[in-house]
Amino acid sequence: MAKAEVIPERCSSCAFCIDVCPKKVLAFGEAVNSKGYKYVVSVNEDDCIGCMMCAQICPMAAIDVYR
Ligand code: SF4
Ligand code: SF4
């Protein structure tokens, strides 16, 4: 099953990945990273189709997609 994993320390809270995901898998969590950014987490993990759009749009290379 496909899975998107965000590397918390790289996330800069731009929300590009949240907006681009066709399955609404990603959202901001409650926690912040060491730079003070609220980072993205996978909230609907089972819905991920491995399209990689989130990883491609992320300017920080903070997302790895496994499929
Ligand atoms: S790989 Fe596609 S479906 Fe999965 S989280 Fe990223 S944008 Fe969403
Ligand atoms: S696109 Fe990358 S940097 Fe922007 S919110 Fe998503 S994971 Fe964070």
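## Starting from Leu26

Which residues does Leu26 touch, leaving aside residues up to four places away in sequence? In this predicted model, the list runs to Ala4, Cys17, Ile18, Cys21, Val40, Ser42, Val43 and Cys54. Several of those names come back below.

Leu26 is itself part of the largest nonpolar core, a set of 14 residues. Leu26 is listed there among the residues with the most contacts inside the core, together with Ala4, Val6, Cys17, Val40, Cys54 and Ile63. Strands β1 and β3 each supply at least two residues of this core.

## Overall layout

Now for the fold as a whole. The protein has two helices and four strands, and reading along the sequence gives the order β-α-β-β-α-β. The C-alpha trace spans about 30 × 20 × 20 Å along its principal axes. A compact globule with 67 residues would have a radius of gyration near 11 Å, and the protein has 11 Å, so the two agree.

Buried residues account for 21% of the 67. Take the contacts between residues at least 6 apart in sequence: 60% of these join residues at least 24 apart.

## The β2–β3 hairpin

Strand β2 covers residues 26–32 and strand β3 covers residues 38–42; they pair in the antiparallel sense, with four bridges between them. If you want a spot to check on screen, look for Ala27, which sits opposite Val41 of β3.

Five residues lie between the two strands of this hairpin, and Gly36 has a positive phi near 90° there.

## Lys3 on strand β1

Lys3 belongs to strand β1. Is it buried, exposed or something in between? Lys3 counts as partly exposed, because it has 14 C-beta neighbours inside 10 Å; a buried residue would need 20 or more, and an exposed one would have 12 or fewer.

Leaving out residues up to four places away in sequence, Lys3 touches Glu45, Cys48 and Tyr66. Lys3 and Ser42 are 39 residues apart along the chain, yet 8.7 Å separates their C-alpha atoms.

## Around the two ligands

Ligand 1 is surrounded by 15 residues, and the closest are Ala4, Cys21, Cys48, Cys51 and Cys54. By class, this shell splits into 13 nonpolar residues, one polar and one charged. Some names should look familiar: Cys48 is also touched by Lys3, while Ala4, Cys21 and Cys54 are also touched by Leu26.

Ligand 2 has 14 residues around it, with Cys11, Cys14, Phe16, Cys17 and Cys58 as the closest. Its shell holds 12 nonpolar and two polar residues, and no charged ones. Cys17 turned up earlier too, as a contact of Leu26 and as a member of the largest nonpolar core.

## Two backbone oddities

Most residues other than glycine have a negative phi. Which non-glycine residue in the loop between β1 (3–6) and α1 (16–20) is worth a look? That would be Ser13, with a positive phi of about 65°. Ser13 is partly exposed, since 15 other C-beta atoms lie within 10 Å.

Ala61 is another case, with a positive phi of about 50° although it is not a glycine. You will find Ala61 in the loop between α2 (53–57) and β4 (63–66). Ala61 counts as exposed because 10 other C-beta atoms lie within 10 Å.

Definitions and conventions: Residues are numbered from 1 along each chain as its sequence is written. Chains are lettered from A and ligands numbered from 1 in the order in which they are written. This is a predicted model: local features need pLDDT of at least 70, side-chain atom pairs count only at pLDDT 80 or more; totals for chains, interfaces and linings use all residues. A residue is near a molecule or strand if its C-beta atom, placed from the backbone, lies within 6 Å of it. Ala, Val, Leu, Ile, Met, Phe, Trp, Tyr, Cys and Pro count as nonpolar, Asp, Glu, Lys and Arg as charged, and the others, Gly among them, as polar. The radius of gyration is taken over C-alpha atoms; the globule rule is 2.2 Å times the number of residues to the power 0.38. Two residues are in contact if their C-beta atoms, placed from the backbone, lie within 7 Å. Two strands pair if DSSP finds at least two bridges between them. A nonpolar core is a set of buried Ala, Val, Leu, Ile, Met, Phe, Trp, Tyr and Cys residues joined through C-beta atoms within 7 Å.
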